[in-house]
Amino acid sequence: GFFNSVMGSLGGAGGGGDDEAWRKDNALFAAGDRLTKRRKLSFSHDRDIVCRLSYDEAAPGGDALPAGTSPLVAVYNITGVAEFAKELKSKGLGKPKVQLSFELGGNGIVSLVRAEAMVDEATEAAAEGAGAPGKEGEEGGDAEAAADG
């Protein structure tokens, strides 16, 4: 992709033996993608996140940046995920699902427009025998993570 995101965990979070480095690379948008396009990335994670957006000059169609120009577009510190994960763990629930929404704006600049951490309560509702139409498969317990750019 023309725009790339690299994510890793903030600090050594977690405590205990959980201090291993975590990294996720994703191509977000390709050269020639229409403007105002959105892309969502979802994954399970239990720590705060640092997201770096950059140009991927090695990608097909990626034009060379002018000499001396940094490929880095933005860095976002996404906090609140670790705290929410700790709360879920105390309730016997799994890792939260983190969803990051990016937009290729009308000006050609990519930005993080939304960051959320949520838990899927469908299994909990099914275990209670709720069986009410529309309940199964819904996601609930949203806790919006702060994205500082």
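Is Thr36 buried, partly exposed or exposed? Thr36 is partly exposed, with a relative accessible area of 46%; here buried means under 20% relative accessible area, exposed over 50%, and partly exposed in between, with a 1.4 Å probe and protein chains only. The tour returns to this residue below.

**Before selecting anything**

The model is a predicted one, in which local features need pLDDT of at least 70 and side-chain atom pairs count only at pLDDT 80 or more, while totals for chains, interfaces and linings use all residues. Residues are numbered from 1 along each chain as its sequence is written, and side-chain values use heavy atoms, with hydrogens and water left out.

**The whole chain**

Display the protein as a cartoon. The protein has 2 helices and 9 strands, in the order β-β-β-β-β-α-β-β-α-β-β from the N terminus. Helices (H or I, at least four residues) and strands (E, at least two) are DSSP runs, numbered from the N terminus.

Switch to a surface. About 8600 Å² of the protein is exposed, and carbon and sulfur atoms supply 47% of that area; accessible areas come from the Shrake-Rupley method with a 1.4 Å probe, and for residues only the protein chains shown count as cover. Of the 149 residues, 33% are buried. Among contacts (heavy atoms within 4.5 Å) between residues at least 6 apart in sequence, 64% join residues at least 24 apart.

**Thr36 and its loop**

Select Thr36, which is placed in the loop between E2 and E3. Thr36 has a positive phi of about 65° although it is not a glycine. Most residues other than glycine have a negative phi.

**Helix H1**

Next select residues 81–90, which form helix H1. Val81, Phe84, Ala85 and Leu88 are buried there. Seen down the axis of H1, these buried residues fall within an arc of 100°, so they line one face of the helix; the arc is that of the directions from the helix axis to the C-beta atoms. An α-helix has 3.6 residues a turn, so residues three or four places apart point the same way. Rotate to the face turned away from the buried side of H1 to find the exposed residues Glu83, Lys86 and Ser90. Just after H1, Gly92 takes a positive phi of about 75°.

**The nonpolar core**

Now show the side chains of Leu28, Tyr76, Ile78, Leu100, Phe102, Val110 and Leu112, which touch the most other members of the largest nonpolar core, a set of 22 residues. A nonpolar core is a set of buried Ala, Val, Leu, Ile, Met, Phe, Trp, Tyr and Cys residues joined through side-chain atoms within 4.5 Å. At least two core residues come from each of E2 (23–29), E3 (37–44), E4 (49–55), E5 (72–79), H1, E6 (97–104) and E7 (110–119). E7 gives the largest share of this core, 5 residues. In soluble globular proteins, nonpolar side chains tend to be buried together.

**Strands E6 and E7**

Select E6 and E7 together. They pair in the antiparallel sense over 8 bridges; two strands pair if DSSP finds at least two bridges between them. Val98 stands opposite Ala117 in E7. The two strands form a hairpin with 5 residues between them, and Gly108 in the turn has a positive phi of about 85°.

E7 is mostly covered, with 7 of its 10 residues buried. Centre next on Val113, a residue of E7 that is partly exposed at 35% relative accessibility. Leaving aside residues up to four places away in sequence, Val113 touches Arg38, Ser101, Phe102 and Glu103. Measure from Val113 to Lys40, C-alpha to C-alpha: they are 10.0 Å apart in space and 73 residues apart in sequence.

**Salt bridges**

Finally, display the charged side chains. The whole structure holds 5 salt bridges, each a side-chain nitrogen of Lys or Arg within 4 Å of a carboxyl oxygen of Asp or Glu. Three stops are suggested here.

- Arg114 and Glu116 meet at 2.8 Å, N to O; Arg114 is partly exposed at 40%, whereas Glu116 is buried at 10%.
- Asp25 and Arg23 meet at 3.4 Å, N to O; Asp25 is partly exposed at 44% and Arg23 is exposed at 60%.
- Glu87 and Lys91 have their closest N and O atoms 3.5 Å apart; Glu87 is partly exposed at 39% and Lys91 is exposed at 56%.
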